[in-house]
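Okay, everyone, can you pull up the model on your screens? I'll talk you through it piece by piece.

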Amino acid sequence: MTIRKLGVMGAGTMGSGIAQSAAQSGYAVIMVDTNDAAVERALDGAAKTWDRGVEKGRLTETDAEAAKTNLSASASMDDLHDADLVIEAVFEDFDVKAALFRALGKVVAADAILATNTSSFRVDDLARHVAEPERFLGMHYFVPANINKLVEVVRGQNTAEATFATALDFARSTAKEPLACRDSYGFVVNRFFCPCVNEGVRLVDEGHAPERVDAVSRQVFGSPLGVLTVMNLSKARIAMNACTTLGGLGAFYEPCTGLIRMGEADAAWEFGEEPAADNAADAAIADRLRGATFLAALELLDEEVAAPDAIDLGAFHGLRWETTPCSAMDDLGQDGTIRLVEAVAALYGRDMPRSTARAGSLLVG
Ligand SMILES: NC(=O)c1ccc[n+]([C@@H]2O[C@H](COP(=O)([O-])OP(=O)(O)OC[C@H]3O[C@@H](n4cnc5c(N)ncnc54)[C@H](O)[C@@H]3O)[C@@H](O)[C@H]2O)c1
């Protein structure tokens, strides 16, 4: 199917970014939001971004004008009657999303594709509220959605091959890097990043300085931002909620005491002067952060949620990690990976993932 017109439900942080990236890639885009102020902010924000792009020489004036013409907004879902693809990005509330999909089904054409940008619900649970689940899937963008290249394209149990292929093509045509995966709690990136953040907070609970945990996490993953700094940016409450959602998978994923404390207060880490490196303590921090991340990534492989290169693509584009999980495990080899993963699995009474046996040749195997 060819996508000509995109509908975006919700003109907030994510909806406005998704709409922008498609409009500047040549699609006719209509954003629908019940809040007039959100619509105004989104249209104004997009115009300013494009004007800045012209000033900085990243965009021609003609391209900026074309993008502005491509983007429109409405307060009525009825205006999506001729959209070929509708991406939902409204509040993270299951009942709100479910009601929206039931209503959308009565508006859009019989062959239109519907997608959700949910961060925490399962695509298959939302699919129960979609008239034709074969034309439904997840398209999970990363903030800022107009810039970040990653989109997790999530295939539900009933998503048709053609729907999935169209969504992958659409993402590529908007200069995104689609990560193909199956439906699973946390999809791919949150499934390994949340336990990594959680483990970082546990290390602080155990007495390590937050400044060291943040610094070591930057070194270990070749990341511009440490795990606790990312938690500050994305808000402690969101990190706690994400770990709570994953908590159904067992104690390893459940938010630790410190994360709950910070999440409930919606507090931020306050970093003081960075204590001097302590080789032994830093090595212990590095082992735990890597062990937790690798354990979750190997479970994704066991469950066939995503392929090793897709997991690494997610870490690279979604988190800006230079050292990505599967390539790091390949570098460490089987023995080194087993040592790290076994130690973390033992802490939380978790079975060793079968895929650990493939460490050393994950990306070539
Ligand atoms: N913010 C992030 O970092 C991030 C990242 C990935 C995915 N997400 C997901 O994207 C979705 C949107 O998140 P956000 O951060 O953009 O939220 P937001 O609060 O910034 O925007 C949500 C918008 O949806 C509108 N809305 C609510 N109900 C509506 C309805 N029935 N019809 C039309 N509009 C409606 C609101 O008026 C608001 O403008 C959520 O599912 C969230 O989990 C967020």
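So, the shell around the ligand: α1 (13–23), α4 (94–105) and β6 (136–141) each supply at least two of its residues. Of these, α1 gives the most, with three residues. By helices and strands I mean DSSP runs numbered from the N terminus, with at least four residues of H or I for a helix and at least two of E for a strand.

Before I go on, this is a predicted model: local features need pLDDT of at least 70, side-chain atom pairs count only at pLDDT 80 or more, and totals for chains, interfaces and linings use all residues. Residues are numbered from 1 along each chain as its sequence is written.

Back to the ligand. How many residues surround it? There are 24, and the closest are Gly10, Gly12, Met14, Asn35 and Ala38. A residue counts as near if its C-beta atom, placed from the backbone, lies within 6 Å of the molecule. Sorted by class, the shell has twelve nonpolar, ten polar and two charged residues. Here Ala, Val, Leu, Ile, Met, Phe, Trp, Tyr, Cys and Pro are nonpolar, Asp, Glu, Lys and Arg are charged, and the others, Gly among them, are polar.

Now the sheet. It's an open one with eight strands, in the order β3-β2-β1-β4-β5-β6-β7-β8, and the pairing is mixed. Pairing takes at least two DSSP bridges between two strands. At the edges sit β3 (71–74) and β8 (177–182), each pairing on one side only. Remember β6 from the ligand shell? β6 runs antiparallel to β7 (residues 150–155), joined by four bridges. Tyr141, for example, has Val151 in β7 as its bridge partner.

Next, the domains, whose bounds come from an automatic or database domain assignment. Domain 1 is 5–182 and domain 2 is 189–358, with their C-alpha centres 30 Å apart. The contact between them takes twelve residues from domain 1 and 13 residues from domain 2; contact means C-beta atoms, placed from the backbone, within 7 Å. On the domain 1 side, β7 and β8 each supply at least two residues, and β8 gives the most, with five. That side divides into five nonpolar, three polar and four charged residues.

Last stop: helix α13 (residues 308–319). Which strands does helix α13 lie across? They're β7 and β8, and α13 runs at about 135° to β8. Such angles run from 0 to 180 degrees between N-to-C directions, with axes fitted to C-alpha atoms, for helices over the stretch in contact.

How values were computed:
Two residues are in contact if their C-beta atoms, placed from the backbone, lie within 7 Å.
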